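This note is offered to a colleague who is meeting the structure for the first time. Please read the points below with the sequence and the model at hand.

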Amino acid sequence: MAASTAAAVAPDWWNDVNNSPMWQDRSFHALATLYGAVSFVALVQLIRIECRVPEYGWTTQKVFHFMNFIVNGVRSIVFVLRRDVQLVQPEVFQHVLIDFPGLAFFTTYALLVLFWAEIYYQARAMSTDGLRPAFYTINGVVYAIQIILWMALWWKPVRAMVILSKMFFAATSLFAALGFLLYGGRLFLMLQRFPVESKGRRKKLNEVGYVTTICFSGFLIRCVMMCLNAFDKEADLDVLNHPILNFFYYLLVEIVPSALVLFILRKLPPKRGITQYHPIH
């Protein structure tokens, strides 16, 4: 009898939280605060790097921190205005406001994969000429397909188009996870083969290992959640009345990974004698 009473109380409690405007606002404002904090940290780190090596222009490292600042800053603003975003019409613009920062997040961390791929290819004396064109092409195709899906959703706002859009988002997340596994794994194994006495070997090995694990896990969780989000209304992330689900989803797939990666990559580049520090042309 007591067990059945507890089972009946739990769903009521969960529904009360989900349907409470107070809990919704607290959850979204907490996300806005956390995103704002990560954005601020990325900006501070960008300024520190610029003050340290202003002569190198827009390097991969600087662009990575700048994009982190933008992505997290936009997310913060969206969650501050989350209740207003839900009222935007036509509905497709709600999806754009919520999902576009996620695409920018994909680009930001794909840039890190590119950076590692360049290091790996250079260390193996292989040509890196095709890496940047491939990076731009992949991102261009991803954005083009997503924009086409949004336009199709605008033209014909049916459930099937929403599902297709979410599944494409899941596919891009899986692609990013595999990119980290491939190039992070390759770089990690290559560093393991360096002599033990190599300067900075252990630190760089840990850095690559930690970042690969964090980013692979984050994008894989996003992929799984997007699949659930597409087919299960109880896992819908585009509504106001799932505040706890939203909070833990964005915490696990964007906020915590971004914060950890920024912390791990906090070391400033040396002022001179850099061999792997290239400006973006």
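**Notes on salt bridges, pockets and surface**

1. Glu50 has a relative accessible area of 35% and is therefore partly exposed. The reader should keep in mind throughout that the model is predicted. Glu50 is joined to Lys62 by a salt bridge, with 2.7 Å between the closest N and O atoms. This pair links distant parts of the chain, since Glu50 belongs to helix 2 and Lys62 to helix 3 (residues 60-80), 12 residues apart. The two partners should be viewed separately as regards exposure: Lys62 has a relative accessibility of 1% and counts as buried, whereas Glu50, at 35%, is partly exposed.

2. A further salt bridge involves helix 2. Here the side chains of Asp25 and Arg83 meet, at 2.9 Å from N to O. Asp25 lies in helix 2 (residues 21-52) and Arg83 in helix 4 (residues 82-85), so this contact ties together parts that stand 58 residues apart in sequence. Asp25 counts as partly exposed, its relative accessibility being 28%. Arg83 also counts as partly exposed, with a value of 32%.

3. A salt bridge within one helix may be set beside these. Glu207 pairs with Lys204, and their closest N and O atoms are 3.0 Å apart. Both residues are in helix 8 (residues 201-231), and because they are 3 residues apart, about one helical turn separates them. Glu207 counts as buried at 17% relative accessibility, as the cut-off for buried is under 20%. Lys204, with a relative accessible area of 37%, is partly exposed. Elsewhere, salt bridges with shared partners join Arg75, Arg222 and Glu254 into one network. The count for the structure comes to 6 salt bridges.

4. How many cavities of 30 Å³ or more does the structure hold? There are 4, and the largest cavity contains about 60 Å³ of space. Its lining consists of Arg75, Ile98, Asp99, Phe169, Arg222, Met226, Leu237, Asp238, Tyr249 and Tyr250. Two of the network residues, Arg75 and Arg222, thus appear in this lining. By class, the lining residues of the largest cavity divide into 6 nonpolar and 4 charged, with no polar residue. At least two lining residues come from each of helix 5, helix 8 and helix 9 (243-264).

5. The second largest pocket merits separate inspection. The space in this pocket is about 320 Å³. Its lining has 18 residues, and those nearest the centre of the pocket are Ala110, Val113, Ile138, Phe175 and Tyr183. Two or more lining residues are given by each of helix 5 (92-123), helix 6 (131-155) and helix 7 (159-192). Helix 7 contributes the largest share, 7 residues. As to class, 16 residues of this lining are nonpolar and 2 are polar, while none is charged.

6. Which residues make the nonpolar surface patch of about 480 Å²? The patch is formed by Leu174, Leu178, Leu181, Leu220, Val224 and Leu228. Helix 7 and helix 8 each provide at least two of the patch residues. Leu174 is located in helix 7 and counts as partly exposed, with a relative accessibility of 35%. Helix 7 may accordingly be examined in two settings: it supplies residues to the nonpolar patch, and it gives 7 residues to the lining of the second largest pocket.

Key: Residues numbered from 1 in each chain as written. Predicted model: local features only at pLDDT ≥ 70, side-chain atom pairs only at ≥ 80, totals over all residues. Heavy atoms only, no water. 1 Å grid on protein atoms, 1.4 Å probe; cavity = no way out; pocket = protein on both sides within 12 Å on 5 of 7 lines; lining within 4 Å. Points joined across faces, edges and corners; volume = space filled by probe spheres on them. Helix = DSSP H or I, 4+ residues; strand = E, 2+ residues; numbered from the N terminus. Nonpolar A, V, L, I, M, F, W, Y, C, P; charged D, E, K, R; others polar. Salt bridge = Lys/Arg side-chain N within 4 Å of Asp/Glu carboxyl O. Buried < 20%, exposed > 50% of the residue type's maximum accessible area, 1.4 Å probe, protein only. Patch = residues over 30% accessible without salt bridge, like charges linked within 9 Å, V, L, I, M, F, W, Y side chains within 5 Å. Areas by Shrake-Rupley, 256 points an atom, 1.4 Å probe, with all protein chains shown as cover.
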